[in-house]
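Subject: The structure, and what turned up in it

Hi,

Here is the structure I promised to pass on. Have a look at it first, then read on for my notes.

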Amino acid sequence: MKRRDFVSSMMAGGFLLMVPVGFAVARDIRYYHDVSVPDSALQPLEHKGEWWRGKVSSDAWQILFREATEPAGSSPLNGENRNGTFVCAACYLPLFSSETKYESGTGWPSFWAAHEKHMGTKTDYKAFWPRTEYHCIRCGGHQGHIFDDGPEPTGKRWCNNGLALTFVPEGETLPALRG
């Protein structure tokens with residue numbers, strides 16, 4: 001066997017060994033729930049990405065519906081420390097409580113848990129190794145990725161694009177669900 005063939009087969013085999021790891025991460029996600037949203041509101045919307053154009057900023061649309069990523073450190077939500085709720089910037093579904101937000105040092109808003117049933121996950125291979133990507137369950141808007149380096153009690157880091165979220169301070173009424 002030639003060296004090049006050996007290296008290629010080892011790389012392919014190593015990649016295949018990593019695939020189950022990505023799926024295992026997706027099954028071991030813990031959620032946090034403190035928002036009453038009827039189950040009927042958690043059904044995926046029929047609207048596709050184009051429908052949301054003009055309803056969110058151009059940059060937010062690229063993140064939510066083309067799975068782009070904003071530059072690290074660019075979100076004003078990194079410094080948001082008030083009590084409240086973080087909702088999807090597109091459909092306004094509550095996604096995170098401020099009680100679960102923490103400073104991860106990554107440059108993106110980070111949370112140790114999400115609202116139960118409000119997220120969908122899939123395995124993403126864009127960075128070569130498998131990562132768990134999460135989306136708003138209603139509009140399908142891309143939010144970010146989940147990592148296993150977060151604080152207790154979950155050990156998870158929900159690393160979110162700030163432009164994919166809107167913050168609603170405690171005491172203010174959450175916006176009506178859109179879509």
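Before anything else, a definition: two rings of Phe, Tyr or Trp (for Trp, its six-membered ring) count as a pair if their centres lie within 6.5 Å, and the pair is called edge-to-face when the planes are over 60 degrees apart. By that rule, the structure holds eight aromatic pairs. Keep in mind as you read that this is a predicted model.

**Aromatic rings**

A pair of rings is described by how far apart the centres are and by the angle between the planes. Take W51 and W52: the ring centres are 4.6 Å apart and the planes are at 85°, so this pair is edge-to-face. W51 is partly exposed, with 32% relative accessibility, whereas W52 is buried at 0%.

Y134 and W158 make another edge-to-face pair, with 4.8 Å from centre to centre and 70° between the planes. Y134 belongs to strand β8 and W158 to strand β10 (residues 157-160), so this pair ties together parts that are 24 residues apart in sequence. Y134 is buried, at 0% relative accessibility, and W158 is also buried, at 0%. Both rings belong to a cluster, too: ring pairs link Y134 and W158 with F86, F96, F111 and F167.

**Charges over rings**

Which ring does the charged end of K55 sit over? It is the ring of W51, with the charged end of K55 4.1 Å from the ring centre. In the same way, have a look at R53, whose charged end sits over the ring of W61, 3.6 Å from its centre.

**Salt bridges**

Side chains of opposite charge can pair when their charged atoms come close. How many salt bridges does a search of the whole structure find? The search gives 10, and here are a few to look up.

- E80 and R82 form a salt bridge, with 2.7 Å between the closest N and O atoms. E80 has 13% relative accessibility, so it counts as buried, while R82 has 47% and counts as partly exposed.
- K122 and E133 meet through their side chains in a salt bridge of 3.7 Å, N to O. K122 lies in strand β7 (residues 119-124) and E133 in strand β8 (residues 131-136), so this salt bridge ties together parts that are 11 residues apart in sequence. K122 is partly exposed at 40% relative accessibility, but E133 is buried at 1%.
- D148 and K156 form a salt bridge as well, at 2.4 Å from N to O. Is K156 buried or exposed? K156 is buried, with a relative accessibility of 3%; its partner D148 is partly exposed at 49%.

K122 and E133 are also part of something wider: a network of salt bridges links them with E67 and K126.

**How far to trust the model**

The mean pLDDT of the chain is 85, and 80% of its residues reach 70 or more. Residues 3-27 are another matter, with pLDDT below 50. In the model, that stretch has 17 contacts beyond near neighbours in sequence. Where pLDDT is low, the predicted coordinates should not be read in detail.

Cheers

How values were computed
Residues are numbered from 1 along each chain as its sequence is written. Side-chain values use heavy atoms; hydrogens and water are left out. A salt bridge is a side-chain nitrogen of Lys or Arg within 4 Å of a carboxyl oxygen of Asp or Glu. Buried means under 20% relative accessible area, exposed over 50%, partly exposed in between (1.4 Å probe, protein chains only). Helices (H or I, at least four residues) and strands (E, at least two) are DSSP runs, numbered from the N terminus. pLDDT is the predictor's confidence in each residue, from 0 to 100. Contact means heavy atoms within 4.5 Å. Rings of Phe, Tyr and Trp (its six-membered ring) pair if their centres lie within 6.5 Å; planes under 30 degrees apart count as stacked, over 60 as edge-to-face and the rest as tilted. A charge sits over a ring if NZ of Lys or CZ of Arg is within 6 Å of the ring centre and within 35 degrees of the ring normal.
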